[in-house]
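Trainee: I am new to this model and would like a close look at a single part, taken slowly. Could you start with the aromatic rings and then go on to whatever else helps me find my way around?

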Amino acid sequence: MAKDYYATLGVRRDASQEEIKKAYRRLARELHPDVNPDPETQERFKDITQAYEVLSDTNKRQMYDLGADPFSSGAGAGAGGFGAGFPFSDIMDAFFGSAGGARGPRSRARRGRNATIRVELDLAETAFGTTREIVVDTAVLCDVCQGSGAAAGTHPDTCDMCHGRGEVSQVTRSFLGQVMTSRPCPQCGGYGSVIRNPCLECSGEGRVRTRRTIKVRIPAGVEDGTHIQLAGEGEVGPGGGPPGDLFLEIAERPHPIFERRGDDLHCTVQIPMTAAALGTILTIETLDGAEEIDVRPATQAGQVIPLYGRGVQRLNETGRGDLLIHVNVETPAKLDAQQEELLRELAKLRGEERPPGKFSPGQQGFFSRLRDAFNGR
Ligand SMILES: [Zn+2]
Ligand SMILES: [Zn+2]
C-alpha cells in the first residue's frame with residue numbers, strides 16, 4: 001500500500017463523508033496553487049486531492065479499504081477495478097499531467113493587481129536617495145471575513161451541483177469506449193462553494209478599498225523613469241488573494257542649474273573675458289555644498305572644468321559621476337570711452353588689430369570639448 005489517504009487528509013479511518021469533505025476543503029484552501037504556488041505545496045495539494053478523490057467516492061473508498069490503491073501504478077492500476085472503462089491512472093494524468101494542470105475546485109482567492117505610482121523627486125533626492133511616505137489607494141484584506149467573503153458566523157456552502165468539486169463531469173459513450181468530459185460547475189463558477197450570506201463589509205469580495213500610507217526607501221542613483229518594485233505592496237486580490245506588487249515610477253524634477261546625463265551633471269558658467277584671460281576663483285554651488293573652483297588663466301570659451309565625484313551616486317554601485325562645468329566667455333559690451341581705448345591699446349600690443357581668424361570645419365561639438373577637458377587642455 002503506497003499511501004495512507006486517511007493520514008493525508010488527517011481524518012480517522014471511520015470518518016464520515018462530511019468529515020472527509022470538510023478536511024479536504026480546509027486543506028485545499030490553504031494549499032491551493034493560487035494561494036501557495038511553491039512546488040512543495042503544490043505537491044501536497046496533489047496528494048490531498050488524490051486522497052479526496054478516493055475517499056470521497058464510496059466505491060473507491062471501499063476498494064481502498066480492501067487494499068487496492070487506485071493510484072498506485074504497480075498495483076495493476078485497476079482498469080477493470082473501477083469499472084469506468086478507463087485506466088484510472090490515465091484519468092489522473094489528464095487531471096494532473098502537464099497538459100491539464102491542477103483541477104479541483106478553484107480558489108476564490110486570486111492575486112491582486114500590480115499598481116504603479118509616480119513619485120516626483122528633486123535632483124538631490126535622486127542623487128543621494130531618500131525616504132518617502134507614499135499614499136496609495138488600494139485594497140486590503142477584509143478584516144471582518146478575513147477574505148472568505150462570507151458574512152460573520154457563516155461559511156460558504158458546498159455547492160450542491162458539483163458537491164464541492166468545482167466541475168461537473170459527463171460520461172459519454174463513443175467508439176473508443178466511455179469518455180469523460182468535465183467543465184467548470186455553472187452554479188458555483190468552479191469554486192466548489194456558494195456564498196449565501198456575503199460579508200456586509202466587503203460585499204463578498206474578501207477585500208475592502210482603503211487609503212494606505214507606506215514608507216519607502218528610495219535608493220541613491222535612481223533617475224527619471226526608474227521603476228522600483230515593492231513586492232506585495234499592491235492591492236490584495238479578490239477573495240483575499242495575495243497582494244500584487246507596487247511599482248514606483250521616478251520622475252525627476254528639472255534642476256535650475258544642473259542638467260543630468262547618466263550619473264554626470266553638467267552646468268554652464270558665464271565669466272567675463274578678462275577673468276577667462278587672467279584666471280579667477282569661482283564659487284559654485286554643488287550638490288555637496290559650495291565649492292571653490294580654480295579657473296586657470298587663458299581659459300577658452302567652451303572649455304570644461306571637471307569636478308570628479310561630484311555627480312550622482314551610481315545606482316547599486318559604489319562611486320559617483322562627475323560634475324562638468326562648461327565655461328562660457330562673455331565678450332565685453334557697452335564699452336565706455338576709456339574701456340574702448342584700453343582694449344584698442346591691448347589689441348595693438350598683441351598685434352590683433354586686424355586678426356585673420358582661425359578656421360576649422362563645422363562646429364566644435366560638445367564631445368570634442370569634453371575630450372579636451374579630460375586631456376587637460
Ligand atoms: Zn468581508
Ligand atoms: Zn458547483
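Mentor: The elements come first, where helices (H or I, at least four residues) and strands (E, at least two) are DSSP runs, numbered from the N terminus. Tyr-5, a good place to begin, is found in helix H1. This is a predicted model, in which local features need pLDDT of at least 70 and side-chain atom pairs count only at pLDDT 80 or more, while totals for chains, interfaces and linings use all residues. Residues are numbered from 1 along each chain as its sequence is written, chains are lettered from A and ligands numbered from 1 in the order in which they are written, and side-chain values use heavy atoms, with hydrogens and water left out.

Rings of Phe, Tyr and Trp (its six-membered ring) are paired if their centres lie within 6.5 Å, and the pair counts as stacked when the planes are under 30 degrees apart, edge-to-face when they are over 60, and tilted for the rest. By this rule the model has 3 aromatic pairs. One of them joins Tyr-5 to Tyr-64, with 4.7 Å from centre to centre and 35 degrees between the planes, and it is tilted. This pair links distant parts of the chain, as Tyr-5 belongs to helix H1 (residues 5-9) and Tyr-64 to helix H4 (residues 58-65), 59 residues apart. Both Tyr-5 and Tyr-64 are buried, a word that stands for under 20% relative accessible area, whereas exposed stands for over 50% and partly exposed for values in between (1.4 Å probe, protein chains only). For Tyr-5 the relative accessible area is 0%, which is why this residue counts as buried. Ring pairs also bring in Tyr-6, as Tyr-5, Tyr-6 and Tyr-64 are linked into a cluster. The C-alpha atom of Tyr-5 is separated by 9.7 Å from that of Glu-53, a residue 48 residues apart from Tyr-5 along the chain.

Another pair is made by Tyr-24 and Tyr-52, whose ring centres are 4.1 Å apart and whose planes meet at 10 degrees, so this pair is stacked. Here too distant parts of the chain are linked, with Tyr-24 in helix H2 (residues 17-31) and Tyr-52 in helix H3 (residues 39-55), 28 residues apart. Tyr-24 is buried because its relative accessible area is 2%, and Tyr-52 is buried with a value of 9%.

From the rings we can turn to the metal ions, for which donors are N, O and S atoms within 2.8 Å of the metal (3.2 Å for Na, K and Ca); water is not among the atoms, so sites may look incomplete. The zinc ion (ligand 1) has as its protein donors the SG atoms of Cys-142, Cys-145, Cys-199 and Cys-202, which lie 2.3 Å from it. Its 4 donor atoms subtend angles of 104 to 119 degrees, and therefore the arrangement is tetrahedral. Four donors count as tetrahedral if all angles lie between 85 and 135 degrees; four count as square planar and six as octahedral if opposite donors are over 155 degrees apart and all others between 65 and 115, and anything else is irregular. Along the sequence, the donor residues of the zinc ion (ligand 1) are spaced C-x2-C-x53-C-x2-C. Distant parts of the chain are linked in this site, with Cys-142 in the loop between strand S2 (130-141) and strand S3 (157-158) and Cys-199 in the loop between strand S6 (193-194) and strand S7 (207-218), 57 residues apart. Cys-142 and Cys-199 are buried.

The zinc ion (ligand 2) is held in the model by the SG atoms of Cys-159, Cys-162, Cys-185 and Cys-188 as protein donors, lying 2.2 to 2.3 Å from it. The angles at this ion run from 102 to 116 degrees for the 4 donor atoms, which makes this arrangement tetrahedral. The spacing of these donors along the chain is C-x2-C-x22-C-x2-C. Cys-185 counts as buried because its relative accessibility is 1%, and Cys-188 counts as buried at 7%.

The backbone deserves a last look, since most residues other than glycine have a negative phi. His-163, although not a glycine, has a positive phi of about 55 degrees; this residue sits in the loop between S3 and strand S4 (167-174) and, at 48% relative accessibility, counts as partly exposed.
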